[in-house]
Amino acid sequence: MEEKKSVEKEPLVTHIYTADPSAHVFEGKLYVYPSHDLEHDGEDNDDGDEYQMEDYHILSLDDIGAPCIDNGEALNMRDVPWVSKQMWAPDAAYKNGKYYLYFPARDKDGIFRLGVAVGDRPEGPFKPEAEPIKGSFSIDPAVLVDDDGSSYIYFGGLWGGQLEKWETGEFVENPDPYPTDKPEVCPRVAKLTDDMLQFDGDVQRIQIVDEDGNPILAGDEDRRYFEGPWMHKYNGKYYFSYSTGTTHYLVYAVGDSPMGPFTYKGRILEPVIGWTTHHSIVEFKGKWYLFYHDSSLSGGINHRRCVKFRELKYNEDGTIVTMDPSKD
Ligand code: FUB
């Protein structure tokens, strides 16, 4: 499906709405694991009820500029026994000859958990585990398989993603408003077991600090973590990037260890059309690319988004050159 050639800054596919792209190179090709936005007319709210996704379609490109293929449905909500609704931003990983699709969804109690499904091919189909990952919560899993084979899963999202409801370690439906002068609600990371199916040890809070080593505060909405984590390595450093949500930036912080701490460095992408902004970063054939989404395909409807990509460049000192979609 979809024979149009892929062009930078243009929707990768137009026959379905797609968002939250996690891009990887598997078997020498680019594979993109997006959310699949549905065409309904529901109202937007701060709980994200408008994001009513039910399945995943994996996209692939033989090369930059080649047609983008929709490989069809790889996993549907109806096949995951623990899910009630809202299959949000996924990611994928390869280890020990298998492909793993990680995804968030609400369980039967309406609480977001993380699930995993296993397949033999990068495009699926994927067979889901019967239960969510034990001890998992919130949304937006992103997985790094490090050079030594250790694997880490990053996750968390505020508001609809429920992250601030877990500050006590338990789920609290209506917590007190989080103080803006305190360190932010931290994104989370856990090591994965060798079989990639469970957390290996406790979930850790990720510390993001400013250039003076002070934690980013919850009220610092230009820099604090909101959702959509991604981890990539560049010149031996760990780049932890994310969305600032309410201020609509994609930003990044750099550290020496996969579990942090990370020092805030700057912006990757200025706001796009639409409320959410969500990305991944991948190296392919010697160049780096940012995969992201906006709502241009639907004329600005927040929950009808489209995945795009553009080349990403680094400065000599390892900082990322900021891109502005309103200017180019
Ligand atoms: O697509 C649903 C949610 O919107 C994702 O989980 C967030 O990252 C935001 O893009």
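The largest cavity in this predicted model has a volume of about 30 Å³. A search of the whole structure finds 1 cavity of 30 Å³ or more. The lining of the largest cavity consists of Ser 22, Ala 89, Pro 90, Asp 140, Pro 141, Ala 142, Pro 229, Trp 230, His 278 and His 279. Sorted by class, these residues are 6 nonpolar, 3 polar and 1 charged.

**Ligand site**

Ala 89, Asp 140 and His 278, named above for the cavity, are also among the residues around the ligand. The others in that shell are Asp 20, Met 53, Trp 88, Ile 139, Glu 227, Thr 276, His 293 and Arg 305. By class the shell around the ligand divides into 4 nonpolar, 3 polar and 4 charged residues.

Three side chains with a polar atom close to a ligand oxygen are listed here.

| Side chain | Partner | Distance |
|---|---|---|
| Asp 20, polar atom | ligand oxygen atom | 2.5 Å |
| Asp 140, N or O atom | ligand oxygen atom | 2.5 Å |
| Arg 305, N or O atom | ligand oxygen atom | 2.7 Å |

The ligand taken alone exposes 270 Å², and the protein buries 99% of that area. Asp 20 belongs to strand 1. The backbone of Asp 20 has a phi near 55°, which is a positive value in a residue other than glycine.

**Pockets**

The largest pocket has a volume of about 490 Å³. It is lined by 19 residues, and those closest to its centre are His 24, Val 25, Leu 144, Val 145 and Val 282. Two or more lining residues come from each of strand 1 (17–26), strand 6 (91–95), strand 10 (142–145), strand 15 and strand 19 (279–284). Strand 1, which holds Asp 20, thus appears in the lining of this pocket as well. The lining counts 14 nonpolar, 2 polar and 3 charged residues.

The second largest pocket holds about 400 Å³ of space. Its lining has 22 residues, with Trp 159, Glu 164, Pro 177, Tyr 178 and Val 185 nearest the centre. By class these 22 residues are 12 nonpolar, 3 polar and 7 charged.

**An open sheet**

Strand 15, named above for the largest pocket, is part of an open sheet of 5 strands. The strand order in this sheet is 14-18-17-16-15, and the pairing is mixed. Strand 14 (208–209) and strand 15 (227–234) are the edge strands; each has a single partner strand, so one side of each is left without a neighbour in the sheet. Glu 227, one of the residues around the ligand, is the residue at which strand 15 begins.

Within the sheet, strand 17 (residues 250–255) pairs with strand 18 (residues 262–269) in the antiparallel sense, over 5 bridges. In this pair Leu 250 stands opposite Leu 269 of strand 18. In general, the strands of a sheet pair through backbone hydrogen bonds, either parallel or antiparallel.

**Cis peptide bonds**

The loop between strand 17 and strand 18 contains Pro 261. The peptide bond from Gly 260 to Pro 261 is cis, with omega near 5°. Another cis peptide bond joins Gly 124 and Pro 125, where omega is about 5°. Pro 125 is placed in the loop between strand 8 (112–119) and strand 9 (127–128).

Note on methods:
Residues are numbered from 1 along each chain as its sequence is written. This is a predicted model: local features need pLDDT of at least 70, side-chain atom pairs count only at pLDDT 80 or more; totals for chains, interfaces and linings use all residues. Side-chain values use heavy atoms; hydrogens and water are left out. A residue is near a molecule or strand if one of its heavy atoms lies within 4 Å of it. A polar contact is a pair of N or O atoms within 3.5 Å; within protein, one must be able to donate a hydrogen and the other to accept it, and residues adjacent in sequence count only if both atoms are side-chain atoms. Accessible areas come from the Shrake-Rupley method with a 1.4 Å probe; for residues, only the protein chains shown count as cover. Ala, Val, Leu, Ile, Met, Phe, Trp, Tyr, Cys and Pro count as nonpolar, Asp, Glu, Lys and Arg as charged, and the others, Gly among them, as polar. Two strands pair if DSSP finds at least two bridges between them. Helices (H or I, at least four residues) and strands (E, at least two) are DSSP runs, numbered from the N terminus. On a 1 Å grid over the protein atoms alone, a cavity is a set of points where a 1.4 Å probe fits but cannot get out, and a pocket is an open set with protein on both sides within 12 Å along at least five of seven lines; lining residues have an atom within 4 Å of a point. Grid points are joined across faces, edges and corners, and a volume is the space filled by probe spheres set on the points.
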